[in-house]
Amino acid sequence: MSRSMAMPAGGSFARRAVAASSAVRRMDGVLLVAVAALTVIGTLLVWSSTRTWAPGSTGLVKKHILNVAIGIALTSAAVMVNHRSLRVYAPLVYVVSLIGLVLVITPLGSTVNGAHSWIMLGGGFAFQPSEFAKLGLVLMLAMLLARPVRGTDRPRTLDIGLSLGVAGFTMGLVMLQPDLGTTMVLGVITAGALVIGGVRKRWILGLALLVVCGVVAVWLLDVLEPYQIARFTAFLNPASDPRGVGYNSTQSLIAIGSGGLFGKGLFEGGQTTGRFVPEQHTDFIFTVAGEEFGFLGSVAVVALMGVILLRGMRIARLCDDRFGTLVAGVIVCWLAFQSFVNIGMTIGIMPITGLPLPFVSYGGTATFANMIAIGLLQAIHIREQPF
C-alpha cells in the first residue's frame, strides 16, 4: 500500500524534473550567452575600477559577484513563472513597488549623490526601490493595455487613462526624490507600452506635446535641483568650466579617447587607476571599457547589448498573446533607452543623469531588476510554442 502511494509522488517529481529540463532546453541560448558575456566584462571592469581605493585587494568585485549570483537566482525564479498567470499578480507587484517608493521619502530613506532614493540595510548594503518600480510599471501597463476593444487590436480609452494615471503617479513619487534619470526611463517605459499597445497616433502626439510643455514648465519653475541644472549646463558646453560642472564630461572623454583602438590593457588605465573620472564603477563604467579595452572593446560591449535587444524584440514579435508581447517589448524599450543614455553621457552626446549601464555597472538593486527582466523574457520565450 505504501509502495503504491509513493509511486505517484515519485512520478510527479520525475514529471516536474522533465518539465524543468525541457524549459531549460527551450531557453534562448543566444540571449543567455550575451547577458553572461556582458556580466563577465562588467565584473572585470568593476574589479579594475575599484581595486585601488575600495577595502581589500579586490575592491568591490566580491560584492559585485554576490549581487550577480543573487541576480542569477532571481532570473531562474522568473523563468519558471508562467507569464500568463503573472498578469493576475501585476497589480500586487505594482503596489509593492509603490510602497518602496513611499518608504524612500520617509525618514527611512537616505540621500546618495543628491538623490534621496535609497534605503540603507546595514553592512554596506542598500536598496533602491525605483529600480523595482520599473518592473512594477512594466507589468501594470502590460496588464491594462492587453485588453483591446472587441474586434480591434487597440486598447480601451478607459485603460489608456488608467495607464497614464498609473505611470504619472509612479513618476511623481520618483521625482520627489528627485531622480530625473529614472523618471526618464519610466517615461520611456510608458511611451513604449502605449505604442506597442496600439494606441492611436493622436494620443501619442498629444502626449508628446504634453511632455514638451512639462519639460518647459519644470525648467521655468526651477523644479530641478542645482546639481541637475549643472549637469545640463555641462552637457551643453563642457569646455566652459572643465574643472567645475564640466569636469565629469571632460575626464570621461579623455579616458575613452586615451584607449585608442586596442586599449591599454586590463588594470593598466591611468585615468581609471588615478580615479580621475568619478563614479567610474557605476555611472561611468563605459569609460573603463574605452580606456582599457579600446575602441574595439567598447564596440564589443555595444554589440552584446544590441544582441540582447534584438533577441528581446524577437521574443516580443513571436509571442502569441498581447500581455507577453507588451512585457517583452517594453523591457526592450527600457534596456535600450537606459543603455543609450549611459553610453551617450560618457561620450558627450547625452546629459549626465546617473543611470547605470545594464549588466555591466556595479550595483545591487539595478542588477536584480535587470536579471528579473531577462528572466521574464526567457519565461515568455519558452512558452511561445506548446511543449
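Me: Let's start with R84: what is its relative accessible area?

Reply: This is a predicted model, where local features need pLDDT of at least 70, side-chain atom pairs count only at pLDDT 80 or more, and totals for chains, interfaces and linings use all residues. Residues are numbered from 1 along each chain as its sequence is written, and side-chain values use heavy atoms, leaving out hydrogens and water. R84 is partly exposed, a label that sits between buried (under 20% relative accessible area) and exposed (over 50%), using a 1.4 Å probe and protein chains only. Its value is 34%.

Me: How far apart in sequence are the parts that R84 and D320 tie together?

Reply: R84 and D320 form a salt bridge, with their closest N and O atoms 2.8 Å apart; the term means a side-chain nitrogen of Lys or Arg within 4 Å of a carboxyl oxygen of Asp or Glu. R84 sits in helix α4 (residues 83–104), while D320 is in the loop between α12 (285–318) and α13 (322–346), so the parts they join are separated in sequence by 236 residues. Helices here are DSSP runs (H or I, at least four residues) numbered from the N terminus. So the answer is 236 residues.

Me: Is D159 buried or exposed?

Reply: D159 pairs with R156 in a salt bridge whose closest N and O atoms are 2.9 Å apart. R156 is partly exposed at 34% relative accessible area. D159 has a relative accessible area of 0%, so it's buried.

Me: Which helix gives the largest share of the largest nonpolar core?

Reply: A nonpolar core is a set of buried Ala, Val, Leu, Ile, Met, Phe, Trp, Tyr and Cys residues joined through side-chain atoms within 4.5 Å. The largest one has 82 residues, and those with the most contacts inside it include I308 and W334. Its largest share is 13 residues, and they come from α13.

Me: What arc do the buried residues of α3 cover around the axis?

Reply: Buried residues in α3 include V61, H64, V68 and T75. The arc is taken from the directions from the helix axis to the C-beta atoms. The buried residues are on the same side of α3, because their arc is only 115 degrees.

Me: Which helices do those buried residues of α3 pack against?

Reply: Contact means heavy atoms within 4.5 Å. The partners of the buried residues of α3 are α2 (29–50) and α14 (365–382).

Conventions:
Helices (H or I, at least four residues) and strands (E, at least two) are DSSP runs, numbered from the N terminus.
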